[in-house]
Amino acid sequence: MRDLSRTAGPGGRRLRMTVFCGAGPADPEYLRAAAATGQLLAERDIHVVYGGGRLGLMGALADAALAAGGEVTGVIPRALHTADIIHPGLSRLQVVPDTATRKQRLTDLADGILALPGGLGTLDELACVWAAAAHGTHARPVGLLNTCGYYNSLVDFLHTAADAGFLAHHHGLRLEDLLLVDDDPVRLLHSVASRTGLPDTALRAPATARGAM
Ligand code: AMP
């Protein structure tokens, strides 16, 4: 298994991971999973890109990443650019005209994508990146963090869609390309990061790298 104790993106820049997740109030185990993911990404020196919010899992993710010294960029539509919605402590905030532009920007900025538990906004973002992958307009790996089986029914649906032949007409699309699923953030990050197409050397770093630098 590759050592992802630190990661670097193309040209030595930080790997960027876009995270979709719920903005609403959530059960503590989902909030804990979001915080664990934020901390993990920061500790692996991965730049977090997300929707820029302060609420729910979004806030838990960003708070934990920032507390661990991570770099966090938010991308927010102008209509949501209000103090009660945006996270106040982000490294960077990009304000875009509308939600469609945000979805595109969140994909464009990413080397890989993680979806944590969330509601319709998260589902919409996921569907957009999967549809774009199906149509060949991007090839970023997408991982589902299946905390407490949250995404089981969505995974079942995708199997049903594949069995019914609704995925096969997308040239080259394989069900396993859509289904990077794990309930463990470390394993999920590994499977997503190792499919970013980066050379092994960009993903490998000695376990002691952080202490040595
Ligand atoms: P939902 O899953 O319905 O809570 O929507 C969350 C997803 O939609 C996030 O990944 C965001 O990109 C976007 N989003 C929805 N509501 C908000 C909000 N209040 N603040 C920031 N982003 C939001």
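**Notes on the ligand shell and the sheet**

1. Let's start with what lines the ligand. By class, the shell around the ligand is made up of six nonpolar, eight polar and two charged residues. Please keep in mind as you read on that this is a predicted model.

2. Altogether 16 residues surround the ligand, and the closest are Ala23, Gly119, Gly121, Thr122 and Glu125. Which helix gives the largest share of the shell? That is helix H4, residues 120-134, which contributes four residues.

3. Some of those closest residues also make polar contacts that you may like to display. Two of these use the backbone: a polar backbone atom of Ala23 sits 2.8 Å from an oxygen atom of the ligand, and a backbone N or O atom of Gly121 is likewise 2.8 Å from a ligand oxygen atom. Glu125 takes part through its side chain, where an N or O atom lies 2.5 Å from an oxygen atom of the ligand. As for overall cover, the ligand has 480 Å² of accessible area on its own, and the protein covers 82% of that.

4. Now to the sheet. Seven strands make up an open sheet with parallel pairing, and their order is S4-S3-S2-S1-S5-S6-S7. Why do S4 and S7 each have one side without a neighbour in the sheet? Strand S4 (92-96) and strand S7 (180-182) stand at the edges and each has a single partner strand, so one side of each stays free of a sheet neighbour. From one strand to the next, the twist averages 25°.

5. Two of the strand pairs are worth tracing by eye. Strand S3, residues 72-77, pairs with S4 in the parallel sense over five bridges; here Val75 has Gln94 in S4 as its bridge partner. Strand S1, residues 16-20, pairs with S2 in the parallel sense over four bridges, and in that case Thr18 is matched with Val49 of S2.

6. Strand S2 deserves a closer look. In a regular strand, side chains alternate between the two faces of the sheet. Are the residues on the two faces of S2 (residues 47-50) buried or exposed? They are buried on both: His47 and Val49 on one side, Val48 and Tyr50 on the other, so that both faces of the strand are covered.

7. Just a short note on Ala64, which is found in helix H2 (residues 56-67). Its relative accessibility is 14%, and Ala64 counts as buried because the cut-off for that class is under 20%. Ala64 and Gln39 are 25 residues apart along the chain, yet their C-alpha atoms are separated by 5.1 Å.

8. Finally, two loop residues have backbone angles you may want to check. Asp45, in the loop between helix H1 (28-43) and S2, has a phi near 65°, which is a positive value in a residue other than glycine. Cys148 is not a glycine either, and its phi is positive too, at about 55°; this residue lies in the loop between strand S6 (142-145) and helix H5 (152-163). Which of the two classes, buried or exposed, applies to each residue? Asp45 has 17% relative accessibility and so counts as buried, whereas Cys148, at 56%, counts as exposed.

How values were computed
Residues numbered from 1 in each chain as written. Predicted model: local features only at pLDDT ≥ 70, side-chain atom pairs only at ≥ 80, totals over all residues. Heavy atoms only, no water. Near = heavy atom within 4 Å. Polar contact = N/O pair within 3.5 Å; in protein donor to acceptor, adjacent residues only side chain to side chain. Areas by Shrake-Rupley, 256 points an atom, 1.4 Å probe, with all protein chains shown as cover. Nonpolar A, V, L, I, M, F, W, Y, C, P; charged D, E, K, R; others polar. Pairing = 2+ DSSP bridges. Axes fitted to C-alpha atoms, helices over the stretch in contact; angles between N-to-C directions. Buried < 20%, exposed > 50% of the residue type's maximum accessible area, 1.4 Å probe, protein only.
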